[in-house]
Amino acid sequence: MEANARWVALTAVAPIAWGANYFVTHAFLPADHPLYGAALRALPAGLVLLALCRRRPRGVWWGRSAVLGLLNVSVFFVLVFVASQLLPTSVASTVMAVSPLIMMLAAWALVAERPGAAHLAGAVIGLGGVSIMLLGGAGGISVPGVLASAAAVLVSSFGHILAKRWNTRTADAGVLASTAWQLTAGGLLLLPVAMAVEGAPPPMSPSVFLAFCYVGLVATALAFVAWFAGLRRLPAGTVGLLGLLNPVTGVLLGTAIAGEVLTGRQLCGLALALGGVALSRPSAQVRHEASPDGPASGHADLPRRTAGPPSRPSRPSRPSRS
């Protein structure tokens, strides 16, 4: 129980960092360089993690790293950058309130973590709350920004559950290594596209440099390692619920620092969205299945051992490098 609490606390670092990332991107990064913004966020973070883990992909992980890098990094980072620039911090982060629900549906399809009736009810209520929040703004809300944010939710939810599936079914990739591989792959995919489409990199003033340091080292390298470590050791529903700290952080920063004002209707919509997602709290059965002896521990695809002598003496497992 205490170990689970530590993993929950570690995983919570990610959505808090991502919620603050909306404000940093909106306030300090150049709006006309989304491709460079995504590439300069991903590639340095990936190289830092590669230097720490000192491991290269092996076998199928070359292809998996490219797929995860495309989904979780290249496409996702560009969409988040666009949404951060077109929408107020509070709105951009609140759209992400539906991501736990999407993650649960993706987990049902990919890793057989089936949501219950409360999960489905929470999906309807949560989506309704976000719709009320978006339609209740005092001013016009950018439709392209909302679409970019919604697409980011879909892409990241699928990519994160795919990473959970691949990381828990093989023992040849730790969390730190697989995160480094996909960040590096995503950055390498983005860099030539950015050079071809946007030309020269954006000017690097001190404030822009510090902002890139935050989005690269904190909101990417640290946050992604924490997030994927949580996905590997906790049920997707639990990790998804922690994602609510993303919109909460964004709303608090948007109103306290950026001076954004939420109308009463928007606040009601946000409360409804968060209440809907709260209905998807994992049941006791799911939490039991996520224990070290259950499927969520990374051995869902392996049959249980039957009684009888083992074929060879077992050796104590090595501690994970991640």
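1. Start with where H2 touches H9 in this predicted model. On the H2 side, the residues involved are Tyr36, Gly37, Leu40, Arg41, Ala45, Val48 and Leu49. They meet Phe212, Val215, Gly216, Leu217, Ala219, Thr220, Ala221, Phe224 and Val225 in H9. If the gaps in those numbers look odd, remember that an α-helix has 3.6 residues a turn, so residues three or four places apart point the same way.

2. How do these two helices sit against each other? Helix H2 covers residues 34–53, and its axis lies 8 Å from that of H9, at an angle of about 55°. That angle makes H2 oblique to H9. As for handedness, H2 passes H9 in a right-handed crossing.

3. Now have a look at H2 by itself. With 20 residues at 1.5 Å a residue, H2 should span 28 Å, and its end C-alpha atoms are 29 Å apart, so the two values agree. Right after H2 comes Arg54, and the phi of Arg54 is positive, near 55°.

4. H9 gets the same kind of check. It runs over residues 206–233, and its 28 residues should span 40 Å at 1.5 Å a residue; the end C-alpha atoms are 39 Å apart, which agrees. Don't picture a perfectly straight rod, though: H9 has a kink of about 35°, centred on Ala223.

5. H9 has another partner, H8. The axes of H8 and H9 come within 9 Å and cross at roughly 130°, so these helices are oblique to each other. H8 passes H9 in a right-handed crossing. Which residues meet here? From H8 they are Val175, Leu176, Thr179, Gln182 and Leu183, and from H9 they are Thr220, Phe224, Val225, Phe228, Ala229, Arg232 and Arg233.

6. H8 (residues 175–198) also packs on H3, with the axes 7 Å apart and an angle of about 65°. This crossing is right-handed. H3 brings Trp61, Ser65, Ala66, Leu68, Gly69, Leu70, Asn72, Val73, Ser74, Phe77 and Val78 to the contact. H8 answers with Ser178, Trp181, Gln182, Leu183, Ala185, Gly186, Gly187, Leu189 and Leu190.

7. Where does H3 bend? At Leu70, by about 40°, and Leu70 is one of the H3 residues touching H8. H3 spans residues 61–86, and those 26 residues should cover 38 Å at 1.5 Å a residue; the end C-alpha atoms are 35 Å apart, which agrees.

8. Last, a word on confidence. The chain has a mean pLDDT of 77, and 74% of its residues reach 70 or more. Over residues 282–322, pLDDT stays under 50, and the model has 33 contacts beyond four places in sequence for this stretch.

How values were computed: Residues are numbered from 1 along each chain as its sequence is written. This is a predicted model: local features need pLDDT of at least 70, side-chain atom pairs count only at pLDDT 80 or more; totals for chains, interfaces and linings use all residues. Side-chain values use heavy atoms; hydrogens and water are left out. Helices (H or I, at least four residues) and strands (E, at least two) are DSSP runs, numbered from the N terminus. The expected span of a helix is 1.5 Å times one less than its number of residues. The bend at a residue is the angle between axes fitted to the seven residues ending there and the seven starting there. pLDDT is the predictor's confidence in each residue, from 0 to 100. Contact means heavy atoms within 4.5 Å. Axes are lines fitted to C-alpha atoms, for helices over the stretch in contact, and angles run from 0 to 180 degrees between N-to-C directions. Angles under 35 degrees count as roughly parallel, over 145 as roughly antiparallel, 65 to 115 as roughly perpendicular and the rest as oblique. A crossing is left-handed if the near helix is turned anticlockwise from the far one by less than a right angle, and right-handed if clockwise.
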